[in-house]
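Trainee: I know my way around a bench, but not around a model on a screen. Please show me how to read one, feature by feature.

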Amino acid sequence: MSVTLRHLIADGRAHVADGAMGTMLYGRGIFVNVCYDELNVEQPDMVREVHEEYVHAGAEVLETNTFGANPVKLSGFGLDRRTEAINRAGAELAREAAAGRASVAGAVGPLGIRIEPWGATSFEEAVDFFRRQVRGLLEGGVDGFCLETFSDLSELEAAFRAVRSLTDLPVLAQVTIGENGATPGGTTMEAAGAAMAAWGVEVAGINCSVGPAIMLDAVERLAASSGLPASAQPNAGLPRVVENRQIYMASPEYMGQYARRLIAAGARFVGGCCGTTPAHVRKIRDHVASVQPGRVRATARAEPAELPGRSGVPLAGRSAWGRKLAAGQFVTTVQIAAPRGWRMEETTRRARALARDGVDAVFVVGGTRGQAHMDALTTAMLLGARAGIEPLVRYVCRDRDMHGMIRDLLGASAAGIRNLVIVSGESTSLGPYADSTAISDIDSIGLVNVVQRLNRGLDAGGNDIGAPTELVAGVGLDQAAVDQALELSRFAWKVDAGADFAVTRPLFDPRRLEGFLARAGTRVPVIATLFPLASLRDAEFMANEVPGVEVPERIVRRMRAAERKSPTHARAEGLAIAGEMFAGVRHLVRGVRIRLPDDDLSRASELLGSLEVQRG
């Protein structure tokens with residue numbers, strides 16, 4: 001009779017899982033820029049041989065070569081239409097190699113994108129993506145599933161729901177942890193275990209990221225909190241760089257010795273992840289044969305509770321800007337860029353001038369086009385202390401991971417910065433640093449969710465941070481986006497996440513904003529961005545070279561006619577156009593942001609003076 005995962009779970013004994021398919025394929029000369037999942041159909045003999053090596057080493061559970069075979073990741077290789085076929089082939093190869101001597105678990109890894117609340121992909125959309133992969137694995141004949149290397153419990157649950165929507169085969173669910181024994185998002189093993197038990201998975205486990213020593217305590221806590229059989233698949237230690245290659249240094253004997261300890265801690269399934277070869281699995285098998293699982297005292301299980309947190313500080317109590325928004329007052333802000341280099345004198349002088357003119361906040365942005373500017377947060381902290389005006393910071397998610405963003409926001413809060421306009425950020429393929437790369441961990445939607453948790457005294461993993469932050473979260477609004485449906489959807493996500501206000505792109509057609517807000521159907525306060533053109537060149541540049549900004553031809557013609565008279569006429573016409581834009585949206589907005597093409601603050605004062613007349 002063939003060995004099945006359900007039989008292995010039911011017999012109460014300890015069992016051996018396989019090792020790292022990727023490590024073995026890399027060792028056979030497959031470079032990391034290749035789609036390893038596609039090898040199931042392009043080089044099936046190689047994949048089958050790796051499976052067979054693990055079976056001969058003593059593995060009782062084979063994971064299919066499908067860790068990244070979901071339609072999202074496959075789309076990066078133009079293979080999303082082959083999702084079912086690649087998974088089906090992966091399952092068939094593992095079954096052939098197992099030949100009844102090992103069970104076959106369909107390997108399912110993360111999508112590679114953020115889902116709600118950290119991204120714009122909904123939970124149900126994620127379930128649909130995973131369902132395609134699960135369907136292919138079922139067609140190939142797996143007898144269970146291994147959901148592995150998940151750092152986000154919500155995404156792990158989506159994968160589990162996808163499996164359960166199609167089959168009742170057993171599920172081994174594994175999270176990945178850091179050196180602190182929690183997931184990268186900060187979720188503790190106690191919270192993870194309670195969640196997995198509530199969903200109904202058959203095995204709760206941990207894999208990847210760390211070696212067996214760090215995993216030992218985490219497995220014990222996971223097993224106790226879930227009351228379920230546990231699994232442990234650590235890396236073969238932490239990698240070291242040897243001649244520009246990452247080498248996992250843990251010996252087979254070391255992995256085998258820790259297998260005994262992991263079983264004593266409650267693990268029922270022990271194998272390996274990155275760097276684990278058949279030699280490691282053979283030693284694990286030798287040690288597993290001599291021990292049986294320890295008895296783990298399970299803690300009381302309950303449905304995972306809603307994040308507790310605190311009620312947080314009301315909008316009116318977080319900042320002067322927030323107080324004015326909460327009271328329905330009209331607010332004004334003028335944009336200033338962070339200084340080039342490190343000297344702050346001129347930037348401070350300009351901010352003080354705005355304060356004297358009665359501007360509510362200075363809108364601080366970072367440098368553009370990759371130049372060496374001070375960052376916006378540091379600039380805002382210095383201005384808040386020196387210029388006597390409240391900063392409003394444009395905070396860009398690009399080039400920061402979630403933990404870095406949380407550190408930024410906590411530090412900013414400690415320094416008195418309260419007001420943010422959170423944007424995802426654009427490509428960095430500009431400027432003198434041609435070889436620079438971008439990090440894109442979470443976007444503006446995800447960070448607004450993070451802010452709302454911080455404002456309740458919780459980090460992204462639901463852990464208590466002490467006193468809640470008092471941040472006011474603004475977001476961007478692209479009223480002239482080419483894909484209006486996508487922008488409306490993203491804007492709705494931002495509002496649902498808890499955005500306190502929104503700031504438009506530069507406005508040159510009031511009808512665009514009116515139509516957008518009518519379709520959005522939201523009452524979040526909107527701040528209109530006015531860009532008083534200074535020349536025909538500004539108009540043509542904005543119309544043709546700035547993504548997300550739409551300048552109607554009639555505006556360009558007006559600037560052309562004015563410039564024929566003189567540069568002074570052109571500047572006056574630009575101010576007049578900005579005033580007309582405001583008049584067209586006054587009934588829709590709660591404030592203005594003035595963005596100047598030439599940083600001429602005298603023009604900001606002149607425009608604000610004319611707006612006062614219209615507001616009067």
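Mentor: Let's begin with contact, which means heavy atoms within 4.5 Å. Take Leu447: setting aside its neighbours within four places in sequence, Leu447 is in contact with Tyr395, Cys397, Met405, Leu409, Ile422 and Ile442. Before going on, note that this is a predicted model: local features need pLDDT of at least 70 and side-chain atom pairs pLDDT 80 or more, while totals for chains, interfaces and linings use all residues. Residues are numbered from 1 along each chain as its sequence is written, and side-chain values use heavy atoms, with hydrogens and water left out.

Trainee: What share of contacts joins residues at least 24 apart?

Mentor: Among contacts in the protein chain between residues at least 6 apart in sequence, that share is 78%. The C-alpha trace spans about 90 × 50 × 45 Å along its principal axes. As for elements, helices (DSSP runs of H or I, at least four residues) and strands (runs of E, at least two) are numbered from the N terminus. The chain has 23 helices and 18 strands.

Trainee: How many residues does the largest nonpolar core have?

Mentor: Two terms first. Buried means under 20% relative accessible area, exposed over 50%, and partly exposed in between (1.4 Å probe, protein chains only). A nonpolar core is a set of buried Ala, Val, Leu, Ile, Met, Phe, Trp, Tyr and Cys residues joined through side-chain atoms within 4.5 Å. Here 53% of the 616 residues count as buried. The largest core has 81 residues, and Val334 and Leu447 have the most contacts inside it. Helix α22 gives the most to this core, with 7 residues. A second, separate core of 79 residues includes Met46, Ala57, Phe130 and Val281.

Trainee: Which residues of helix α19 are buried?

Mentor: In α19 (residues 510-520) they are Pro510, Leu513, Gly515, Phe516 and Leu517. They pack against strands β15 (472-477), β16 (501-506) and β17 (526-530), as well as helices α18 (484-497) and α22. Just after α19, Gly521 takes a positive phi of about 60°.

Trainee: Which residues other than glycine have a positive phi here?

Mentor: Most residues other than glycine have a negative phi, and most peptide bonds are trans. Two to look at are Ala99, with a phi of about 50°, and Thr149, with a phi of about 65°. Ala99 lies in the loop between α6 (83-98) and β3, whereas Thr149 is found in strand β4 (residues 144-150). Ala99 is exposed because its relative accessible area is 52%; Thr149 is buried, at 17%. For a peptide bond that isn't trans, go to Glu116 and Pro117: a cis bond joins them, with omega of about 5°. Pro117 sits in the loop between β3 (103-108) and α7 (123-140).

Trainee: How many aromatic pairs are there?

Mentor: A pair of aromatic rings is described by the distance of the centres and the angle of the planes. Rings of Phe, Tyr and Trp (its six-membered ring) pair if their centres lie within 6.5 Å; planes under 30 degrees apart are stacked, over 60 edge-to-face, and the rest tilted. That rule gives 7 pairs. One of them is Phe330 with Phe582, edge-to-face at 5.7 Å centre to centre and 80° between the planes. The partners are 252 residues apart, with Phe330 in the loop between α13 (320-326) and β11 (331-337) and Phe582 in α22 (residues 567-585). Phe330 is buried at 13% relative accessible area, and Phe582 is buried at 0%.

Trainee: Which arginine lies over the face of Trp342?

Mentor: A charge sits over a ring if NZ of Lys or CZ of Arg is within 6 Å of the ring centre and within 35 degrees of the ring normal. Arg343 lies over Trp342, at 4.9 Å from the ring centre. Arg400 lies over Tyr395, at 4.5 Å.

Trainee: How many disulfides does the search find?

Mentor: A disulfide is a pair of cysteine sulfur atoms within 2.5 Å, and the search of the whole structure finds 0. For Cys35, the nearest cysteine sulfur, that of Cys274, is 17 Å away. Cys35 is buried, at 4% relative accessible area.

Trainee: What does the side chain of Asp443 make a polar contact with?

Mentor: A polar contact is a pair of N or O atoms within 3.5 Å; within protein, one must be able to donate a hydrogen and the other to accept it, and residues adjacent in sequence count only if both atoms are side-chain atoms. The partner of Asp443 is the side chain of Arg490, at 3.0 Å. Asp443 lies in the loop between β14 (419-423) and α17 (444-454) and is buried, at 18%. Beyond its neighbours within four places in sequence, Asp443 touches Trp118, Gly119, Ala120, Cys397, Ser424 and Arg490. Cys397 is itself buried, at 1% relative accessibility.
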